[in-house]
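Subject: A structure for you to look at

Hello,

I am handing over the structure we talked about, with the sequence alongside. Please open it first, and then read on with it in view.

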Amino acid sequence: MTKKTVRLAILGTGGMANVHAERFNANKDCAVVAAADVDLARAEGFAAKHNIGSAFSGIKELLRESKFDAVSIVTPDAFHAPLAIACLKAGKHVLCEKPLAVTYPDAKRMVSAAKKAGVINMVNLSYRDWPAIQAVAAIVRDGEIGDVRHVEASYLQAWLASKIWGDWRTTPGWLWRLSEKHGSRGVLGDVGVHIVDFATFPVGPIASVFCRLKVFPKAPGNRVGEYVLDANDSAVLNVEFKNGALGTIHTTRWCGGHANRLFLKIAGTKGTVEIDSDRTTAGYRICAGDDLDKGQWRDVAVTEVPNNYQRFVKAIRTGKQDQPDFVRGAELQKVLDACIVSDAEGRPVKV
Ligand SMILES: NC(=O)c1ccc[n+]([C@@H]2O[C@H](COP(=O)([O-])OP(=O)(O)OC[C@H]3O[C@@H](n4cnc5c(N)ncnc54)[C@H](O)[C@@H]3O)[C@@H](O)[C@H]2O)c1
C-alpha cells in the first residue's frame, strides 16, 4: 500500500455493496480495508468474498477499531443521514448511496456536516457513469439543440410485475423499498431520484412540480410480515424548469418488459436529443442541424467516462471536490419533498 492509497470502508454489505467492492477493488489507488453491517455474518461473508481484511458489526465498531480514510455508505436510505454524519464528524470522506437522505431537512444536515468536516463528499448517482448522459449534458450546455422547450424522461422497472429480479415477496432488499416505516419514499425516492437527476443534469433545475403518486394493492392486507406496503409504486411528475421548458418525468416498478430502462428526450429550438438505455448507454441519437428539416436521426457513439467510484478516489487524492456532491443530492431531495407535498395537496408546488 503506497502512502497515497485511499483506505476505504464499506458500510452496509447487501446487494449494491457488491458493485462498490468490485469497483473500488479494481482501483489501484484504493484499498478496501473493512466492511461493516448490522448483520455481522453478512459482513464477514462479504469480506471473504471480496478479499477485504476485516468485518465489523456496525459503525461504532468500525470507527473504533479500523483505520480508514473514506467510507462508502450502502445501507437502506433511512440510515444514510445518521451514518454519514457520524463518519463526517470522524473526519472521513464519504460516498453515500442515493437518495442522499429520506427528507430535504436531513439532506441539509448532511451538507452542513460535510462543509464543517471539510472532506470530500459525493452521492452515488450512478447513471452519471454512462457516457451518453455526459455527452448529452455537454450538447445541451453548448447550445447545440438551442433553447430547451420540452423534456420527456422516464425510469421503468419491472420487479413488481415480474420475477425478473427474483421474488420481491421474499426478499428483504426489495421489501424495505415498499415500506415507509422502513424509511422508503417508494419508487420516487428509490429511482425517481435518478431520473430527476438524469433530466436536470443537462436541462437545469426544476422551478415547480405537479406530482401524482400511487400505491397499488400487491399482497393480502398490503403487508408481508413486518413490512407494511405503503410506499408509492408509481410517480408521475409534470414539471416546469427554471429555463421555462415543460416536461414530464415518470417512474414505475410495474412495467414488465423493461427491467431497468432510463429514457430521456430533450427538445430544443434547434433540435432534439435522446437517450434510451434499452438501446445503448454508450451513445445517443440526435436530430439537429441539416437533419432537422428532414426529421432524420443520427446515432452517435461516445467513449467511456470515469465512474463515480474512480472520481471519488481521485477527489480524495487531489483534494478537489467532484460532482455529484452532497449539495447536488440535497437539491434533488428538495424536488422529491415538493413532489410529496404536491401529491398530498393536489396542487403544483414551487421547488
Ligand atoms: N446507485 C444505484 O444505482 C443503486 C442501486 C441499488 C441500490 N442503491 C442504494 O444502495 C443502498 C442499499 O441498497 P441495497 O439494494 O444494497 O439494499 P440491501 O437491503 O440489499 O442491503 C442493505 C444492507 O445494509 C445493512 N444495514 C442496514 N442498516 C444498517 C446500519 N445501520 N449499519 C450498517 N449496515 C446496515 C443491511 O443489513 C443490509 O445488509 C440504498 O440506499 C439504495 O437506494 C443504489
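Below is what was found in it, topic by topic. Please keep in mind that this is a predicted model.

**The ligand**

A good place to start is the ligand, which has 25 residues around it. Asp37, Arg42, Asp77, Ser126 and Trp176 are the closest of them. By type, the shell is made up of 8 nonpolar, 10 polar and 7 charged residues.

Three polar pairs are worth finding on your screen. Asp37 has a side-chain N or O atom 2.6 Å from an oxygen atom of the ligand. Ser126 also brings a polar side-chain atom to 2.6 Å from a ligand oxygen. Gly15 takes part through its backbone, with an N or O atom 2.9 Å from an oxygen atom of the ligand.

How much of the ligand does the protein bury? The ligand exposes 850 Å² when taken alone, and the protein buries 86% of that. Two elements give two or more residues to the shell around the ligand, namely α4 (80-89) and α8.

**The nonpolar cores**

In soluble globular proteins, nonpolar side chains tend to be buried together. Here the largest nonpolar core has 79 residues, and Leu237 and Ile266 touch the most other members. Helix α8, residues 186-203, gives the most to this core, with 9 residues. There is also a second, separate core of 22 residues, with Val6, Leu95, Met122 and Ala315 among them.

If you centre your view on Ile266 and set aside residues up to four places away in sequence, you will find that Ile266 touches Val136, Val140, Ile145, Val148, His150, Val151, Pro202, Val203, Gly271, Thr272 and Val273.

Ala199 is a good residue to visit in helix α8. Is Ala199 buried or exposed? Ala199 counts as buried because its relative accessibility is 0%, and the cut-off for buried is under 20%. Beyond the residues up to four places away in sequence, Ala199 touches Val151, Ala153, Phe241, Ile249 and Leu264. Ala199 and Ile133 are 66 residues apart along the chain, and 9.3 Å separates their C-alpha atoms.

**His93 and its surroundings**

His93 belongs to strand β5, residues 93-97. With a relative accessibility of 17%, His93 counts as buried. A polar atom of the His93 side chain lies 3.0 Å from the backbone nitrogen of Ile120. Apart from neighbours within four places in sequence, His93 is in contact with Asp69, Ala70, Val71, Val119, Ile120, Phe312 and Ile316.

**Helix α9**

Helix α9 covers residues 308-318, and its buried residues are Asn308, Tyr309, Arg311, Phe312, Val313, Ala315 and Ile316. What lies over these buried residues includes β1 (6-11), α1 (17-25), β2 (30-36), β4 (70-73), β5 and β6 (121-124).

Both ends of α9 deserve a look. At the N-terminal end, Asn307 acts as a cap, with a side-chain oxygen 3.1 Å from the backbone nitrogen of Tyr309. Just after α9 comes Gly319, which takes a positive phi of about 75°.

**Backbone points to check**

Most residues other than glycine have a negative phi, and most peptide bonds are trans. With that in mind, here are four places to look at.

- Lys98 and Pro99 are joined by a cis peptide bond, with omega about -15°. Pro99 sits in the loop between β5 and α5 (104-117).
- Gln323 and Pro324 are also joined by a cis peptide bond, with omega about 0°. The loop between α9 and α10 (326-345) holds Pro324.
- Asn51 has a positive phi, near 60°, and is not a glycine. Asn51 is in the loop between α2 (40-49) and β3 (54-56), and is exposed, with a relative accessible area of 71%.
- Asn222 has a positive phi too, of about 50°. Asn222 is found in the loop between β8 (206-214) and β9 (223-224), and counts as partly exposed at 29% relative accessibility.

I hope this helps you find your way around.

Best wishes

Note on methods: Residues numbered from 1 in each chain as written. Predicted model: local features only at pLDDT ≥ 70, side-chain atom pairs only at ≥ 80, totals over all residues. Heavy atoms only, no water. Core = buried A, V, L, I, M, F, W, Y, C linked by side-chain atoms within 4.5 Å. Buried < 20%, exposed > 50% of the residue type's maximum accessible area, 1.4 Å probe, protein only. Helix = DSSP H or I, 4+ residues; strand = E, 2+ residues; numbered from the N terminus. Contact = heavy atoms within 4.5 Å. Near = heavy atom within 4 Å. Polar contact = N/O pair within 3.5 Å; in protein donor to acceptor, adjacent residues only side chain to side chain. Areas by Shrake-Rupley, 256 points an atom, 1.4 Å probe, with all protein chains shown as cover. Nonpolar A, V, L, I, M, F, W, Y, C, P; charged D, E, K, R; others polar.
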